[in-house]
Amino acid sequence: MSQFKKSQVRIDFTNLEADRTTVERVLLETATKFNLTDNSHTSRIPHTIKSIIQPNGFGSGGRVVANSIYVDFNPGKNKSSQFDEVHDFIISELQNAFQCELQEIWEDDPAHYKTH
């Protein structure tokens, strides 16, 4: 269950291309399952893998930073009831794909990697 603030999970990749492809696949499957929009082409986040949004609502996306892949969750200003479902689905799919438990990092945690 997510809170009303931004969060992220970090995956330390072992094979950038394979792990990048896995994250992209999970986000595309999520977009299809929940009828979300792929807005990757308009993303201003450096090294975006994939970005999906609920128009005028929440968003999630994957990006590469150094030796890690970050998957970010932004509930938006007007939290949608669908956000928790999407959030939990992505976390579950990533944990299954990478065979590990992912620790969520909240935006007020010093470990949270901000995009500048």
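The following conversation goes through the strands, helices and salt bridges of a predicted model.

Biologist: What kind of model is this, and how are residues numbered?

Modeller: This is a predicted model, in which local features need pLDDT of at least 70 and side-chain atom pairs count only at pLDDT 80 or more, while totals for chains, interfaces and linings use all residues. Residues are numbered from 1 along each chain as its sequence is written, and side-chain values use heavy atoms, with hydrogens and water left out.

Biologist: In what order do the strands stand in the sheet?

Modeller: The order is β2-β3-β4-β5-β1-β6, in an open sheet of six strands with antiparallel pairing. Strands (E, at least two residues) and helices (H or I, at least four) are DSSP runs numbered from the N terminus, and two strands pair if DSSP finds at least two bridges between them.

Biologist: Which strands stand at the edges?

Modeller: β2 (37–38) and β6 do; each has a single partner strand, so one side of each lacks a neighbour in the sheet.

Biologist: How many bridges join β4 to β5?

Modeller: Seven bridges join β4 (residues 59–65) to β5. Valine 64 has isoleucine 69 in β5 as its bridge partner, and isoleucine 69 is also the bridge partner of isoleucine 11.

Biologist: Where does helix α1 lie?

Modeller: Helix α1 (residues 16–34) lies across β1, β2, β3 (48–53), β4 and β5, at about 10° to β3. Axes are lines fitted to C-alpha atoms, for helices over the stretch in contact, and angles run from 0 to 180 degrees between N-to-C directions.

Biologist: Is threonine 22 buried or exposed?

Modeller: Threonine 22, in helix α1, is buried, with a relative accessible area of 18%. Buried means under 20% relative accessible area, exposed over 50%, and partly exposed in between (1.4 Å probe, protein chains only). Leaving aside residues up to four places away in sequence, threonine 22 touches Ala97 and Phe98, where contact means heavy atoms within 4.5 Å.

Biologist: Changing topic, how many salt bridges are there?

Modeller: There are six in the whole structure, each a side-chain nitrogen of Lys or Arg within 4 Å of a carboxyl oxygen of Asp or Glu. One of them joins lysine 5 to aspartate 108, with the closest N and O atoms 2.7 Å apart. Lysine 5 is in the segment before β1 and aspartate 108 in the segment after β6, 103 residues apart.

Biologist: Which residue pairs with aspartate 38?

Modeller: Aspartate 38 forms a salt bridge with lysine 50. Aspartate 38 is partly exposed at 29%, whereas lysine 50 is buried at 10%. Shared partners join Glu24, Asp38 and Lys50 into one network.
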